[in-house]
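Morning, everyone. I'll put a model up on the screen and walk you through how some of its helices pack, then its pocket and cavities.

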Amino acid sequence: MTPGLPSTRGVAVALACAAAAVVVVVAALAVAGADVGDARLLWNDVVFRAHAPAPLAYYRDDDPASFSLWLAHDVFIRDALAHGHLPTWVPNHGGGYGLLPALYPGILHPLRWLTVLAPERQAQSVVIVAGVAFAFAGMRLLLRSLGASRAASFAGAGIFTFAPFVASIMKFDAVVSIGYLPWLCLCAWWVMARPRPLSVAVFAVTTATCAFSGHPTLNLASIIAMLAFAATAAPRDRVRRSVVVIVVAGACAIAFSAPALVPFLVELWSEVLRRADR
């Protein structure tokens, strides 16, 4: 296959297939009464454990992260969204903390809102399954666009999606941040090859929602990898124009990301000042 940007139809088919896979898998989990996240290990006592006055016996590996860091606020956020309220404060972690400055909970990401459409037990699975499905579909589309054969593109997408590092974070929704990587690369390629208002807007919105997804370290890793890909994909006879386009599109992405980034940066600066005063 000759390398080239995928068609609009190709992108639509990839997105539709990923969305269909999410619906089918989550529906099957709901019918079976199962889920794919760590919630299954702690179900029915996650809130109790979050409020426990003393440490409790851990389920496995002496690792308390499953209930003390993520699941308690996942349950709280989903419950608040189901009642039509976008929470900005979670009360069941320590003395409570702001969700927007924390950034990790990702309460502004659309996938977090879509959890209300699934049964409560499968809510976390919606985000995890979607991250895996869109990662696979995006990488398969990217590799195919780069000229890989059908077999190679499927194999490459599988290797990327189920690599040991990615598999190790599938128990939490941080996998969404990794799933953005191929889509960011495709957007960067598009905006450099065809710098139009639509391509810039799609690049900016995709990058902004990546920032909304919650895990700043993994988000940054995906964006750095995207910039490295852009540096190799830029047309050699239009390098200067490509740099300008990426800078402009990046500025738009930062502007769109402001609802997530500004509270985080303000809190970070406040913490720096507090430490400086000690």
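**Helix packing, then the holes**

Let's start with α7: Val132, Ala135, Phe136, Met139, Arg140, Leu143 and Arg144 there meet Arg150, Ala152, Ser153, Phe154, Gly156, Ala157, Gly158, Phe160 and Thr161 in α8. Contact here means heavy atoms within 4.5 Å, and helices are DSSP runs (H or I, at least four residues) numbered from the N terminus. By class, that contact has nine nonpolar, four polar and three charged residues. For the classes, Ala, Val, Leu, Ile, Met, Phe, Trp, Tyr, Cys and Pro count as nonpolar, Asp, Glu, Lys and Arg as charged, and the others, Gly among them, as polar.

Quick housekeeping: this is a predicted model, where local features need pLDDT of at least 70 and side-chain atom pairs count only at pLDDT 80 or more, while totals for chains, interfaces and linings use all residues. Residues are numbered from 1 along each chain as its sequence is written, and side-chain values use heavy atoms, with hydrogens and water left out.

Back to the helices. α7 (residues 123-145) and α8 (residues 150-161) pack at about 140 degrees, axes 8 Å apart. Axes are lines fitted to C-alpha atoms, for helices over the stretch in contact, and angles run from 0 to 180 degrees between N-to-C directions. The pair is therefore oblique; under 35 degrees counts as roughly parallel, over 145 as roughly antiparallel, 65 to 115 as roughly perpendicular, and the rest as oblique.

What about α7 and α10? Their axes come within 8 Å and cross at roughly 30 degrees, which makes α7 roughly parallel to α10. The contact of α7 with α10 has 16 nonpolar, four polar and no charged residues.

Now the holes. The largest pocket has a volume of about 980 Å³, and 36 residues line that pocket, with Leu15, Phe134, Tyr180, Trp183 and Thr206 nearest its centre. α1 gives the largest share of the lining, nine residues. By class, the pocket lining has 28 nonpolar, seven polar and one charged residues.

On a 1 Å grid over the protein atoms alone, a cavity is a set of points where a 1.4 Å probe fits but cannot get out, and a pocket is an open set with protein on both sides within 12 Å along at least five of seven lines; lining residues have an atom within 4 Å of a point. Grid points are joined across faces, edges and corners, and a volume is the space filled by probe spheres set on the points.

Last bit: there are three cavities of 30 Å³ or more, and the second largest has a volume of about 60 Å³.

Definitions and conventions. Helices (H or I, at least four residues) and strands (E, at least two) are DSSP runs, numbered from the N terminus.
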